[in-house]
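Here are some friendly exercises to work through with the sequence and the model side by side. Try each task yourself before you read its solution.

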Amino acid sequence: GNEGITFCSWNVKGINEPIKRGKVLAYLKAIKADVILIQETHLKKDAEHRLKAKWIDETYHSSFTHKSRGEAILFRKGTITITDSDGRYIIVIGELNAQKM
């Protein structure tokens, strides 16, 4: 049966440092959230691949030109996203567990 969708929202205050990023991703994996909203990643556009992991099927990141700001959404279904060039928001339109988002 459908057990619903679980969300996690976290202001990580920067995850450029590999040890902190690893701990954050390990914790997020352990809590088994379906949709993870991360604020203040401080990752530049060329570093967004650092959010990828085997247990994450979809990763969307809105970045800025400096190591500041940055939002990310991690989850499992195909979606459509809209991001801004200032790294302040992401809009996601899609379906998760047969439920419109």
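**Exercise 1.** Find histidine 49 and decide whether it is buried, partly exposed or exposed.

*Solution.* Start with the cut-offs: buried means under 20% relative accessible area, exposed means over 50%, and partly exposed is in between (1.4 Å probe, protein chains only). Histidine 49 has 49% relative accessibility, so it counts as partly exposed. Next, place it: histidine 49 belongs to the loop between β2 and β3. Strands such as these are DSSP runs (E, at least two residues), as helices are (H or I, at least four), and both are numbered from the N terminus. Finally, look across to threonine 59: it is ten residues from histidine 49 in sequence, and the C-alpha atoms of the two are 8.6 Å apart.

A word on the model: it is predicted, so local features need pLDDT of at least 70 and side-chain atom pairs count only at pLDDT 80 or more, while totals for chains, interfaces and linings use all residues. Residues are numbered from 1 along each chain as its sequence is written, and side-chain values use heavy atoms, with hydrogens and water left out.

**Exercise 2.** Describe the secondary structure of the protein chain and its order along the sequence.

*Solution.* Count the elements: there are one helix and seven strands. Then read along the sequence, and the pattern is β-α-β-β-β-β-β-β. To finish, consider burial: of the 101 residues in the chain, 38% are buried.

**Exercise 3.** Work out the strand order of the open sheet of four strands.

*Solution.* The order is β1-β2-β4-β3, and the pairing is mixed. Here two strands pair if DSSP finds at least two bridges between them. Now look at the edges: β1 (7-11) and β3 (58-62) each have a single partner strand, so one side of each is left without a neighbour in the sheet. On average, neighbouring strands are turned by 10° against each other, direction ignored; axes are lines fitted to C-alpha atoms, for helices over the stretch in contact, and angles run from 0 to 180 degrees between N-to-C directions.

Follow the pairs of β4 next. With β2 (residues 35-39), strand β4 (residues 71-75) runs antiparallel, joined by five bridges; valine 35 stands opposite phenylalanine 75. With β3, β4 also pairs in the antiparallel sense over five bridges, and serine 62 has glutamate 71 as its bridge partner. Although β3 is at an edge, four of its five residues are buried, so the strand is largely enclosed by the rest of the structure.

**Exercise 4.** Find which strands helix α1 lies across, and which elements build the largest nonpolar core.

*Solution.* Helix α1 (residues 18-31) lies across β1, β2 and β4, and runs at about 160° to β1. A nonpolar core is a set of buried Ala, Val, Leu, Ile, Met, Phe, Trp, Tyr and Cys residues joined through side-chain atoms within 4.5 Å. The largest one has 15 residues, and those with the most contacts inside it include Ile15, Leu28 and Ile36. Two or more residues each come from α1, β2 and β4, with α1 giving the most, three.

Zoom in on isoleucine 36: not counting residues up to four places away in sequence, it touches Cys8, Leu28, Trp55, Ala72, Ile73 and Leu74, where contact means heavy atoms within 4.5 Å. A second, separate core of six residues includes Val35, Tyr60, Ile73 and Phe75.

**Exercise 5.** Locate two residues, lysine 32 and histidine 42, by their phi angles.

*Solution.* Recall the usual case: most residues other than glycine have a negative phi. Lysine 32 has a positive phi of about 55°. It sits in the loop between α1 and β2 and, at 63% relative accessibility, counts as exposed. For histidine 42, phi is near 60°, also positive. This histidine 42 lies in the loop between β2 and β3 and is partly exposed, at 21% relative accessibility.

**Exercise 6.** Classify the one aromatic pair of the structure.

*Solution.* Rings of Phe, Tyr and Trp (its six-membered ring) pair if their centres lie within 6.5 Å; planes under 30 degrees apart count as stacked, over 60 as edge-to-face and the rest as tilted. The centres of tryptophan 10 and tyrosine 27 are 5.5 Å apart and their planes stand at 75°, so the pair is edge-to-face. Tryptophan 10 lies in β1 and tyrosine 27 in α1, so the pair ties together parts 17 residues apart in sequence.
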